[in-house]
Amino acid sequence: NFNMKAKKITVFVQDNPTIIKSLGKVLYDKISMQTKITEQDCIDYIYNLTIHRTYDGYIREKSVINDGLAKHFPTIRFEESPPELDHSGDVDYIGWVTEDKAFGIQIKPTTAQSNFGNYSPSERMKASFQDFEDEYGGKVFIIFSLDGTMSNKEMIQFIENEINRLTI
């Protein structure tokens, strides 16, 4: 799933260098008066941000699941969500409790929580979460990641409660 996304982004960036260059120029125009930075520095920054942040985010997501939740809930089968669920960015992983019952995991960087105060899902995300619950039976949980670990550990209890509910 990630490899496909990364390839698409890389191909897009390589096939559309004018977009990256344009974004770099916009950044340069916004900050060049306050800093000693070149236009090329800004273009390089946009390019690196596009490629490397995508990869870093993927690694953090996998770490939260594989090094955290999967170890805490060894009976749950975690898998990356299919493209139609992940496309909108609403469900990153599915935690299968039974063959047909599952809960969803949305992983956000901790900076999303601090940037938005008490982060709450948009109306679109709420609708998407409801669609997930209608199809899979379980709720979607937002997990905040800091360096690949779960920062909102209180969610463990909520997930545990959901697993219990889904197994009844």
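Colleague: What makes up this protein, in helices and strands?
Modeller: There are 7 helices and 5 strands, and keep in mind that this is a predicted model. Going along the sequence, you get the pattern α-α-α-β-α-β-β-α-α-β-β-α.

Colleague: How do you know what span to expect for H6, residues 123-136?
Modeller: You take 1.5 Å times one less than the number of residues. With its 14 residues, H6 is expected to span 20 Å, and from first C-alpha to last it reaches 20 Å, so the two are close.

Colleague: Why are Met-125, Ser-128, Phe-129, Phe-132 and Tyr-136 of H6 called buried?
Modeller: Buried means under 20% relative accessible area, so that is where these five residues of H6 fall.

Colleague: What puts those buried residues on the same side of H6?
Modeller: They cover an arc of only 100 degrees around the axis, which is why they share a side of H6. In general, an α-helix has 3.6 residues a turn, so residues three or four places apart point the same way.

Colleague: And which exposed residues does the face turned away from the buried side carry?
Modeller: That face of H6 has Glu-123, Asp-131 and Asp-134. Exposed takes over 50% relative accessible area, so these three clear that cut-off.

Colleague: What comes after H6?
Modeller: Gly-137 follows, with a positive phi near 90 degrees.

Colleague: How much of the whole protein counts as buried?
Modeller: Of its 168 residues, 36% do. As for the accessible surface, it comes to about 10400 Å², and carbon and sulfur atoms account for 54% of that.

How values were computed:
Residues numbered from 1 in each chain as written. Predicted model: local features only at pLDDT ≥ 70, side-chain atom pairs only at ≥ 80, totals over all residues. Heavy atoms only, no water. Helix = DSSP H or I, 4+ residues; strand = E, 2+ residues; numbered from the N terminus. Buried < 20%, exposed > 50% of the residue type's maximum accessible area, 1.4 Å probe, protein only. Arc of directions from axis to C-beta. Areas by Shrake-Rupley, 256 points an atom, 1.4 Å probe, with all protein chains shown as cover.
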